[in-house]
Amino acid sequence: MRFLTKKIEEFDSDTIICFIWEDYKANSPLINYLNKLSDGQLLNQIETCKIFKGEFMETYKFAINENLKLLLAGLGKKENLTRKKFSQVVANAARCAKTMTKNNSIAVELIENTNECSNIIKNFTKEDSAKMTLCSLRIGLYEFDKYLSDKKPKVETIELLDNNLTKEIEHSAEIGAYTSFAMKFAKDLVNEQAQIATPQYIANIACQIAKEHKLEARIYDKNQIKELNMNAFLAVGQGSVHEPKFVHLTYKPKCTPRKKIALVGKGITFDAGGMNIKPASSMLTMKDDMTGAASVLGIIQAIAKLECDIELHAICALCENMTSGSAYKQGDVLTAMNGKTIEVDNTDAEGRITLADALCYCDKLNVDEVIDIATLTGAVIVSLGNNITGVMGNNQSQINKFIETSIKSAENTWQMPILDELKDNLKSNIADMKNTGGRQAGTSTAAWFLSNFTKSNSWLHLDIAGTAYLDKSNKETLQGPTGVMIRTLINYLIS
Ligand code: BES
Ligand code: MN
Ligand code: ZN
């Protein structure tokens, strides 16, 4: 997909999206221009016939002339439009415009919301919106048709329109374009069936990424993982016919890095639960248990393309959690890379075991911050549902900065606590800790478990089990993978 920025009168698309506020009075330059093209019919229809009120999520299709179709997209009242709501309007409008275009090209105007100046939830400039608009358009246009025999034509070109394009707006649009690419990349990989997207397959993709973007790549096979003493990670994958792989990609800027960050993604290519096998309905979407890995592999490509001034490590411990004669069992005691021992209380709490070793590995990288992203606990769905990501960590100012960035990125997050009291939940009589406790505080307990395996004092943990994959469409994203937290993480890394 191509993204272009253009002046209002220069677009070549046959379909154009125009945003309208509910309480709009003055017409935008674009509306005036389109009104002229329609011989005054457009404003006549809106103002006299009141065909369209501009309510939040309202859409209206209007033919300007034989070769140009307009989609009006309602934003609602200025004081009510959050960045999240804006993203919902844009994604929905994109889905609608896709059915209208014949030349597979959509133009969209750049808008701002400068009503409430100090409120970052609602206020956004054209610079902010260049990023958001491109990301949300591509969220709306996304589809995975690899296995459909009936493939529909795809939108190939997006034109972002504004008469005062600044360098800053152009740069922000570029960030939006690479961010939306990272999201598409991750969603495609999550959508791929687990019998194809094996640890080996994902490791191969990581190799290709490294070649294409000139990254350092280390891919460890089973024996090398053993040599690294990652015996906890190894145990989880031992029941699968697919051997585990440990992936470490590094992006280094040309200048001295402003900071160094390790991004760790949970990479269970299929989570059957192991010997504590999941019921069929819970196993249904478990090919998505490598969403964290897919996300970090998407993000490092965007950071490399943008030639960011940070050093970034992308790390994935890839394996499959299966039942078999060789699978790890309840009661097994595993020793992680840092020497701490884990009594396996439940083989279905496998993600934290693989992440334990991945976090230990990061201790050796000499980075300023470690961030992991993981489809870790069903409990986070009970606490926060499918539209809010759980954020935890051991550095409150890092957590605050991350949550603020998520608001600016049109993503929802909420902090969950990690407190010493949680330790009792995982008390083991024969090992340093068990991997699961009772049913209480499942998300925080998992995070407490992870905190034992990092020496970093800026470690952030994202539990995306509820938000990575939607069983039912929401206003912004259709059923399936969401690419959650990719926008926020890229904005966090570059700021
Ligand atoms: N991958 C799952 C978590 C999950 C659940 C992701 C639902 C997406 C949707 C994880 O490995 C898991 O099975 N967690 C268990 C932990 C339990 C045994 C303590 C869970 O949450 O049920
Ligand atoms: Mn599991
Ligand atoms: Zn899992």
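**Two metals, one ligand and the strands behind them**

I'll start with the zinc ion, ligand 3: its site is octahedral, with 6 donor atoms and angles of 78 to 173° among them. This is a predicted model, so please hear everything that follows as computed from a prediction.

Which residues hold this zinc? The zinc ion (ligand 3) is coordinated by K266 through NZ, by D271 and D289 through OD, and by E350 through OE, at 2.0 to 2.4 Å. Read along the chain, the spacing of these donors is K-x4-D-x17-D-x60-E. Two of them, D271 and D289, link distant parts of the chain. D271 sits in strand β9, residues 260–271, while D289 is in the loop between α9 (280–283) and α10 (291–305), 18 residues apart. Both D271 and D289 are buried.

Now the second metal. The manganese ion, ligand 2, lies 3.2 Å from the zinc ion (ligand 3), and D271 coordinates both. The manganese ion (ligand 2) is coordinated by D271 (OD), by D348 through O and also through OD, and by E350 (OE), at 2.1 to 2.2 Å. Why is this site called irregular? The 6 donor atoms around the manganese ion (ligand 2) subtend angles of 70 to 168°, and that makes the arrangement irregular. For six donors to count as octahedral, opposite donors must be over 155 degrees apart and all others between 65 and 115.

The manganese donors follow the spacing D-x76-D-x1-E along the chain. D271 is in strand β9 and D348 in the loop between β12 (341–343) and α11 (351–363), so this pair ties together parts that are 77 residues apart in sequence. How accessible are these two? D271 has 3% relative accessibility and so counts as buried. D348, at 23%, counts as partly exposed. The cut-off for buried is under 20% relative accessible area.

Next, ligand 1. How many residues surround it? The count is 16, and the closest are K278, D289, D348, E350 and G378. You have already met D289 and E350 as donors to the zinc ion (ligand 3), and D348 as a donor to the manganese ion (ligand 2).

There are three side-chain contacts to go through. In K278, an N or O atom of the side chain is 2.8 Å from an oxygen atom of ligand 1. In D289, a polar side-chain atom lies 2.9 Å from a nitrogen atom of ligand 1. In E350, a side-chain N or O atom is 2.9 Å from an oxygen atom of ligand 1. How much of ligand 1 does the protein bury? Taken alone, ligand 1 exposes 510 Å², and the protein buries 77% of that.

Let me go back to strand β9, which carries D271, and follow its pairing. β9 pairs with β13 in the parallel sense, over 5 bridges. One of the bridge partners to look up is V370 in β13, which goes with A262. On to β17, residues 459–463: β13 and β17 run parallel and are joined by 5 bridges. Here I371 has L460 in β17 as its bridge partner.

So what about β13 itself: buried or exposed? Strand β13 covers residues 369–374, and 6 of its 6 residues are buried, so it is largely enclosed by the rest of the structure. If you look along the strand, E369, I371 and I373 point one way, while V370, D372 and A374 point the other way, and all are buried.

There is a helix to put beside that. Helix α15 spans residues 486–494; 8 of its 9 residues are buried, so it too is largely enclosed by the rest of the structure. The buried ones are I486, R487, T488, L489, I490, N491, Y492 and L493. As background, an α-helix has 3.6 residues a turn, so residues three or four places apart point the same way.

Last, two backbone points. D39 is not a glycine, yet has a positive phi of about 55°. D39 is in the loop between α1 (29–37) and α2 (41–48), and with a relative accessible area of 70% D39 is exposed. N104 is not a glycine either, and has a positive phi of about 50°. N104 is in the loop between α3 (83–98) and β5 (105–109). At 16% relative accessibility, N104 counts as buried.

To close, the residue to keep in mind is D271, which coordinates both the manganese ion (ligand 2) and the zinc ion (ligand 3).

Methods: Residues numbered from 1 in each chain as written. Chains lettered and ligands numbered in written order. Predicted model: local features only at pLDDT ≥ 70, side-chain atom pairs only at ≥ 80, totals over all residues. Heavy atoms only, no water. Donors = N, O, S within 2.8 Å, 3.2 Å for Na, K, Ca; no water. Tetrahedral: all angles 85-135°; square planar, octahedral: opposite > 155°, others 65-115°. Helix = DSSP H or I, 4+ residues; strand = E, 2+ residues; numbered from the N terminus. Buried < 20%, exposed > 50% of the residue type's maximum accessible area, 1.4 Å probe, protein only. Near = heavy atom within 4 Å. Polar contact = N/O pair within 3.5 Å; in protein donor to acceptor, adjacent residues only side chain to side chain. Areas by Shrake-Rupley, 256 points an atom, 1.4 Å probe, with all protein chains shown as cover. Pairing = 2+ DSSP bridges.
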